[in-house]
Amino acid sequence: MISAKFRDRLSLFSLLVMIGGSILGLLAFVGAVAIAVDNGADVATVVGRALAASVKFAVACILAGGALRLLVSIDARLEARA
């Protein structure tokens, strides 16, 4: 079992991963499209690829943060039971 202080910090970190990862994915999408427009590339192709990569990254961050949050919750319940 982990301490309550460490559990709170892990819980905060999991929220940071979920929210921050989604925001970072959105910023990466906007950045990729802006760079493509500046370079004169085919915007439709770049938007499609950037959107796919951003969605994959955001979903991975949400799942990773959710899994960490689940493990912290399980630990808290086991500690409360003991």
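A residue counts as exposed when its relative accessible area is over 50%, as buried when that area is under 20%, and as partly exposed in between (1.4 Å probe, protein chains only). By that yardstick Met1 is exposed, because its relative accessible area is 64%. What you're looking at is a predicted model, where local features need pLDDT of at least 70, side-chain atom pairs count only at pLDDT 80 or more, and totals for chains, interfaces and linings use all residues. Residues are numbered from 1 along each chain as its sequence is written, and side-chain values use heavy atoms, with hydrogens and water left out.

**The whole chain**

- The chain has 2 helices and 0 strands; helices (H or I, at least four residues) and strands (E, at least two) are DSSP runs, numbered from the N terminus.
- Along the principal axes, the C-alpha atoms fit a box of roughly 60 × 15 × 10 Å.
- The radius of gyration of the chain is 18 Å, while a compact globule of 82 residues would sit near 12 Å. That radius is taken over C-alpha atoms, and the globule rule is 2.2 Å times the number of residues to the power 0.38.
- Just 18% of the 82 residues count as buried.
- Take the contacts (heavy atoms within 4.5 Å) with a separation of 6 or more: 79% of them link residues 24 or more positions apart.

**Helix α1 and its partner**

- α1 has 36 residues and spans 51 Å from its first C-alpha to its last, close to the 52 Å expected at 1.5 Å a residue. The expected span is 1.5 Å times one less than the number of residues in the helix.
- Among the buried residues of α1 are Met18, Gly21, Gly25 and Val33, and the buried residues of this helix pack against α2 (43-81).
- Right after α1 comes Gly40, with a positive phi near 75°.

**Around Met1 and Asp75**

- Met1 sits in the segment before α1 (4-39).
- Met1 joins Leu70, Leu71, Ile74 and Leu78 in a nonpolar surface patch with about 520 Å² of accessible area together. Areas come from the Shrake-Rupley method with a 1.4 Å probe; for residues, only the protein chains shown count as cover.
- Patch members have over 30% relative accessible area and no salt bridge (a side-chain nitrogen of Lys or Arg within 4 Å of a carboxyl oxygen of Asp or Glu); like charges are joined within 9 Å, nonpolar side chains (Val, Leu, Ile, Met, Phe, Trp, Tyr) within 5 Å.
- Asp75, in helix α2, counts as buried because its relative accessible area is 13%.
- Setting aside neighbours within four places in sequence, Asp75 touches Met1, Ile2 and Arg7.
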